[in-house]
Amino acid sequence: FSARQLLYRTWNTIGFMVAAVLVHALLSRGGDIIRRKLASLRHTGQTPEDVEAASVVRNAGKQLSGLLRGAMWVVLLVGCGLIWSDVFPALNVLDRVELWHTTATAYETTPDVEGAAVTREVTRAIPITLANLLFCGLVLACTVISARTVPSLVVVTFLQRLRVDSGAQHAMSLIGRYMITLLGICIGCSL
């Protein structure tokens, strides 16, 4: 690649990083403002439900900041990887490292000697590469992070406003956590 291509990709990377940091800062600031408003409301007339809601808000705030930080790193890594993917063909080596093979059954329609269409079952070996395994690991890591944080955020943002009791909130949070985990495992293993 020429120096112009490298300079172009460097500027794209810098612009992308600045945009990602600005979005992260705006979202973090918004979360801080919401937490402060909820904390100020907490100080006016505390009931046992208010104290419980305040602890949920504190935990959700910590989880939100962790989720934002993790999401920012994932977005930065993926974005920089996409910007520089054409420059570093050495990263395509991961597609050539075959760890094992799996078989897939497909149906093929081919014409026979007389010209009639014949459908037959074909079994093919599909290689599982190191790139597949690393991408699956990334999806599963994002699943674990999401399963830990997203249900608590849903409780704070939606269920608190609907005035759902704490038992129902906990049940909905668990169901959401199970659904996210199941979805992430299905996506991660299908890659």
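**Exercise 1. Checking a helix length**

What span should the 25 residues of α5 have at 1.5 Å a residue, and how far apart are its end C-alpha atoms?

Solution. Keep in mind from the start that we're working on a predicted model.
- Step 1: find the helix; α5 covers residues 166–190.
- Step 2: get the expected span, which counts one less than the number of residues. For the 25 residues of α5 at 1.5 Å a residue, that should be 36 Å.
- Step 3: compare with the model, where the end C-alpha atoms of α5 are 36 Å apart, which agrees.

**Exercise 2. Laying out the fold**

Work out the order of helices and strands along the chain, then say how much of the protein is buried.

Solution.
- Step 1: count the elements. The protein has five helices and two strands.
- Step 2: read them along the sequence, and you get α-α-α-β-β-α-α.
- Step 3: turn to burial. Of the 191 residues in the protein, 19% are buried, where the cut-off for buried is under 20% relative accessible area.
- Step 4: look at the surface. About 13500 Å² is exposed, and carbon and sulfur atoms supply 68% of that.
- Step 5: ask how far the contacts reach. Take the contacts with a separation of 6 or more: residues 24 or more positions apart account for 67% of them.

**Exercise 3. What sits around Gly184?**

Decide whether Gly184 is buried or exposed, and find what it touches.

Solution.
- Step 1: place the residue. Gly184 belongs to helix α5.
- Step 2: check its accessibility. The relative accessible area of Gly184 is 7%, so it's buried. Gln169, Ser173 and Gly188 are also buried in α5.
- Step 3: list the contacts. Leaving out residues up to four places away in sequence, Gly184 touches Val139, Leu140 and Thr143.
- Step 4: add a C-alpha distance. Ala147 is 37 residues from Gly184 in sequence, and their C-alpha atoms are 9.0 Å apart.

Now try the pair Val154 and Gly176. Val154 lies in helix α4 (residues 130–159), and at 35% relative accessibility it counts as partly exposed. The two residues are 22 apart along the chain, with 8.9 Å between their C-alpha atoms.

**Exercise 4. Two residues of α1**

Compare the burial of Thr13 and Trp11, then follow each one to its surroundings.

Solution.
- Step 1: locate both. Thr13 sits in helix α1 (residues 3–42), and Trp11 is in α1 too.
- Step 2: read the accessibilities. Thr13 has 10% and therefore counts as buried, while Trp11 has 57% and is exposed.
- Step 3: follow Thr13. Its side chain reaches the backbone oxygen of Arg9 at 2.8 Å. Beyond residues up to four places away in sequence, Thr13 touches Cys80, Ile83 and Trp84.
- Step 4: follow Trp11. Together with Leu7, Ile14, Val18 and Leu22, Trp11 makes a nonpolar surface patch of about 520 Å².
- Step 5: look at a glycine in α2. Helix α2 spans residues 48–84 and holds Gly79, which is buried at 10% relative accessibility. Gly79 and Ala20 are 59 residues apart in sequence, yet 9.7 Å apart in space, C-alpha to C-alpha.

**Exercise 5. Untangling the salt bridges**

How many salt bridges are there, and which residues do they join into one network?

Solution.
- Step 1: apply the cut-off, a side-chain nitrogen of Lys or Arg within 4 Å of a carboxyl oxygen of Asp or Glu. The count comes to two.
- Step 2: take the pair Glu108 and Arg120, whose closest N and O atoms are 3.4 Å apart. Glu108 is in strand β1 (residues 98–111) and Arg120 in strand β2 (residues 117–129), so this bridge ties together parts twelve residues apart in sequence.
- Step 3: check how open these two are. Glu108 is partly exposed at 23%, and so is Arg120 at 46%.
- Step 4: take the pair Glu108 and Arg124, which meet at 2.6 Å, N to O. Since Glu108 lies in β1 and Arg124 in β2, the pair ties together parts 16 residues apart in sequence. Arg124 is partly exposed, with a relative accessible area of 42%.
- Step 5: put the bridges together. Through shared partners, they join Glu108, Arg120 and Arg124 into one network.

Note on methods. Residues are numbered from 1 along each chain as its sequence is written. This is a predicted model: local features need pLDDT of at least 70, side-chain atom pairs count only at pLDDT 80 or more; totals for chains, interfaces and linings use all residues. Side-chain values use heavy atoms; hydrogens and water are left out. Helices (H or I, at least four residues) and strands (E, at least two) are DSSP runs, numbered from the N terminus. Buried means under 20% relative accessible area, exposed over 50%, partly exposed in between (1.4 Å probe, protein chains only). Contact means heavy atoms within 4.5 Å. A polar contact is a pair of N or O atoms within 3.5 Å; within protein, one must be able to donate a hydrogen and the other to accept it, and residues adjacent in sequence count only if both atoms are side-chain atoms. Patches are made of residues with over 30% relative accessible area and no salt bridge: like charges are joined within 9 Å, nonpolar side chains (Val, Leu, Ile, Met, Phe, Trp, Tyr) within 5 Å. Accessible areas come from the Shrake-Rupley method with a 1.4 Å probe; for residues, only the protein chains shown count as cover.
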